[in-house]
Amino acid sequence: MIRHLHPTDSPGLLQFSQSSGQGETCTLAGALSGAIQGGLGGFPTVKYAGIALSPRAWQSCWVEARRGRIDGVLRAGPRSGPQAWEVGELYLRNSKSELALDLLEQIAVPAGGAGAHRIFARVPANSAVYDDARKAGYSTVHRESVFRADSATDAITKLGIPDHSLQLRQRDKSDDAALFRMHNLNTPIEVRMKLGQTLQDWVAGSERLGRKPSEWVYDLATGEIGGLVQRKSTRSGLMFNLNWAAEAGSELPGLVAAALAASKDIPVSVAVPEYRPALSHLLVTLGFAEQAQYEVMVKPLAQTVTEAQKAFAAIN
C-alpha cells in the first residue's frame, strides 16, 4: 500500500534516484517544459528531498516502499479546484514497472476522500503506463500533441505580425462563466462529458501553466469571450496555451502573435488537442515541430452518499 512521503525517506530518495527511470506522467506545464528541455527528465532528487522535509508539501506525495526501499514515488493533488485531482508526477524503480497500475488505482482513495469527483493523468501515448491507466479505470479525454520551436523571435517573424493588433485584457474571476460557455460551444461533446458538466467542475478541472501564469482574454464585439491566451516564461523558454471560439477563428494568427509577443530568442512550446487541427497547421508553417504526443486521461470517482434515502419496492 502507498503511504505519505516522510522526512525519514530522504536517504531512500537518494537510492531511488539512482535506479529510477524518467517520469511516467506529467502536468501540462511539465509536458511543455519537457519539450523545451528535450524530454521529461529523471527523478529530481533535490526537489523531493525538499518536499520530504516540508510538513505541508509531503502531504501531496506518496511512496510505495517495502523493507525501507522506495520502489515508486507519486505526486498528486487538486488541479485547479478540490473537485478535480491530477497525477502530477509518477516515478518508478526501473525493475518495478508493474507498480504503475497499483499506484494509479490507490491514489483514487485519498482523492475521493478529499471530495474529488475525478482524477486526471497525462501519460505518453502508446506507453506501457497508458495501458496500466486503462486497467486502473482511466479513459482518454483526448490526445494532444506538443509542438516546439527553437526561437520565439523566428516564429513571430514568420507569422508576419510583429505588433499584434488584438486588444486583450487580463483574465478576471468573473470571466469563468463566459469561458465555460465558450468551452461548451467549441469542445466535442465526448470531451465535455468527461471534464464535468457544471461550471464548478469545469473550473476545478481546468489546466493552467503552473503557478501564476499570465492569462489574457480577447473579447468579441458581441460581448462574449472570443479567446483565452495563457503564457508563462521560464529560464529555459516560453510556454503558452490557446483556446478560442469559432467566431474568432479568423483571429487565430493574432492570438498566436499575442502569445509570442515580447518574447526573446528562446525556445517556445505549446500543446494542441487533436480536435484543434487549425492550430497545429498554423504552428507547422511557423517552424514548430511535433515533439511528443500524450493521452490526457480521467478516472471518475464514486461519490459518498451523505444519508440513506427510503424507497418502496414491489415484491413479486
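What share of the contacts in the chain with a separation of 6 or more is accounted for by residues 24 or more positions apart? The share is 74%. The structure open in the viewer is a predicted model, and the tour below proceeds from the whole chain to a single helix and its surroundings.

**The whole chain**

Begin with the entire chain in a cartoon representation, in which twelve helices and twelve strands can be traced. The radius of gyration is 21 Å, close to the 20 Å given by the globule rule for 316 residues, so the chain is as compact as a globular protein of that length. Aligned along the principal axes, the C-alpha atoms fill a box of roughly 65 × 60 × 35 Å.

Next, switch to a surface. The chain exposes about 15,800 Å², of which carbon and sulfur atoms supply 52%. Of the 316 residues, 52% are buried. Colouring by charge brings up 33 positive and 31 negative charges, and the mean positions of these two sets are 6 Å apart.

**The largest nonpolar core**

Now hide the surface and display the side chains of Phe-240, Leu-242, Val-256, Leu-260 and Phe-288. Among the 29 residues of the largest nonpolar core, these five touch the most other members. To see the surrounding framework, select β6 (139–149), α7 (152–159), β10 (238–244), α11, β11 (268–273) and α12 (277–285); each of these elements gives two or more residues to the core. The largest share, six residues, comes from α11.

**Helix α11**

Select residues 252–260, the span of helix α11, and find Ala-259 within it. Is Ala-259 buried or exposed? Its relative accessibility is 0%, and it therefore counts as buried. Leaving aside residues up to four places away in sequence, Ala-259 touches Val-229, Arg-231, Leu-238 and Phe-240. A distance label may also be drawn from Ala-259 to Ser-214: the two residues are 45 residues apart along the chain, and their C-alpha atoms are separated by 9.7 Å.

Move on to Leu-260. Which residues does Leu-260 touch, if those up to four places away in sequence are not counted? They are Ala-152, Ala-155, Ile-156, Arg-231, Leu-238, Phe-240 and Val-268. Arg-231, Leu-238 and Phe-240 also appear among the residues that Ala-259 touches.

**The second core**

Finally, clear the selection and display Ile-2, Ala-76, Leu-104 and Ala-111. These residues are included in a second, separate core, which has 26 residues.

Terms used:
Residues numbered from 1 in each chain as written. Predicted model: local features only at pLDDT ≥ 70, side-chain atom pairs only at ≥ 80, totals over all residues. Heavy atoms only, no water. Helix = DSSP H or I, 4+ residues; strand = E, 2+ residues; numbered from the N terminus. Rg over C-alpha atoms; globule rule 2.2 N^0.38 Å. Buried < 20%, exposed > 50% of the residue type's maximum accessible area, 1.4 Å probe, protein only. Contact = heavy atoms within 4.5 Å. Areas by Shrake-Rupley, 256 points an atom, 1.4 Å probe, with all protein chains shown as cover. Lys, Arg positive; Asp, Glu negative; His and termini not counted. Charge placed at Lys NZ, Arg CZ, Asp CG, Glu CD. Core = buried A, V, L, I, M, F, W, Y, C linked by side-chain atoms within 4.5 Å.
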